Amino acid sequence: MESLDANFPVRHRKFSLESKGNKTEIVICSYEDHILVIATQIGAVGAILHARKEEGMSVEPTFSVSVIFGKRDEPMLIATARRLIDHISSFVPSKPLVLSLGLKDHSSETLKEIVAAVIENRLW
């Protein structure tokens, strides 16, 4: 079920998907200065990551991803944030991403499904 509430002061979209038997709730919020994506299978926030495009002279874009809190030794979570900020920055280069992943299943299949669903329902 998808919703887009025009009365809420921040543009947002909420929807869910089923991944490997786990219901995943996803909320995307487009603030003036950040994109917030929350994906949860546990009904709470999980690891929170911050990702942004680095400004520089390089032809190839570089991205900075840091774990604000949560598991710091989960390379798949960092890869997920990197994939999303790569996509977001091609549309809005100056908006960083705050990503919350509260997942039971950290498999690459589940994370790819979440990335695809967020991109399909993007607000940028």
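**Exercise 1.** Does Lys71 count as buried, partly exposed or exposed, and what is the relative accessibility behind that label?

*Solution.* The model is predicted: local features require pLDDT of at least 70, side-chain atom pairs count only at pLDDT 80 or more, and totals for chains, interfaces and linings use all residues. Residues are numbered from 1 along each chain as its sequence is written, and side-chain values use heavy atoms, with hydrogens and water left out.

Step 1. Buried means under 20% relative accessible area, exposed over 50%, and partly exposed in between (1.4 Å probe, protein chains only).
Step 2. Lys71 has a relative accessibility of 48%, so Lys71 counts as partly exposed.
Step 3. The side chain of Lys71 meets that of Glu74 in a salt bridge, at 3.8 Å from N to O. The term denotes a side-chain nitrogen of Lys or Arg within 4 Å of a carboxyl oxygen of Asp or Glu.
Step 4. Glu74, at 17% relative accessibility, counts as buried.

**Exercise 2.** State how many salt bridges the structure holds, and explain what the pair Lys20 and Asp105 ties together.

*Solution.* Step 1. Four salt bridges are present in the structure.
Step 2. In the bridge between Lys20 and Asp105, the closest N and O atoms are 3.8 Å apart.
Step 3. Lys20 belongs to the loop between strand 1 and strand 2, and Asp105 to the loop between strand 6 and helix 2, so the pair ties together parts 85 residues apart in sequence. Helices (H or I, at least four residues) and strands (E, at least two) are DSSP runs, numbered from the N terminus.
Step 4. Asp105 counts as buried, its relative accessibility being 14%.
Step 5. Another of the bridges joins Glu25 and Lys23, with 3.2 Å between the closest N and O atoms. Glu25 is partly exposed, with a relative accessible area of 26%.

**Exercise 3.** Determine whether the end-to-end distance of helix 2 agrees with the expected span, and identify what its buried residues pack against.

*Solution.* Step 1. The expected span of a helix is 1.5 Å times one less than its number of residues.
Step 2. Helix 2 (residues 108–120) has 13 residues and should therefore span 18 Å; its end C-alpha atoms are 18 Å apart, which agrees.
Step 3. The buried residues of helix 2 include Leu111, Ile114, Val115 and Val118.
Step 4. These buried residues of helix 2 pack against strand 1 (11–19), strand 2 (22–30), strand 3 (35–40), helix 1 (75–89) and strand 6 (97–102). Contact means heavy atoms within 4.5 Å.

**Exercise 4.** Describe the largest nonpolar core and the place of Leu101 and Thr80 in the packing.

*Solution.* Step 1. A nonpolar core is a set of buried Ala, Val, Leu, Ile, Met, Phe, Trp, Tyr and Cys residues joined through side-chain atoms within 4.5 Å.
Step 2. The largest such core has 30 residues; among those touching the most other members are Ile26, Leu49, Leu101 and Val118.
Step 3. Helix 2 gives this core its largest share, six residues.
Step 4. Leaving out residues up to four places away in sequence, Leu101 touches Ala39, Gly46, Ala47, Leu49, Leu77, Thr80 and Leu111.
Step 5. Thr80 is located in helix 1 and is buried, at a relative accessible area of 4%. Beyond its neighbours within four places in sequence, Thr80 is in contact with Leu99, Leu101, Leu111 and Val115.
Step 6. The C-alpha atoms of Thr80 and Leu111 are separated by 6.6 Å, although the two are 31 residues apart along the chain.
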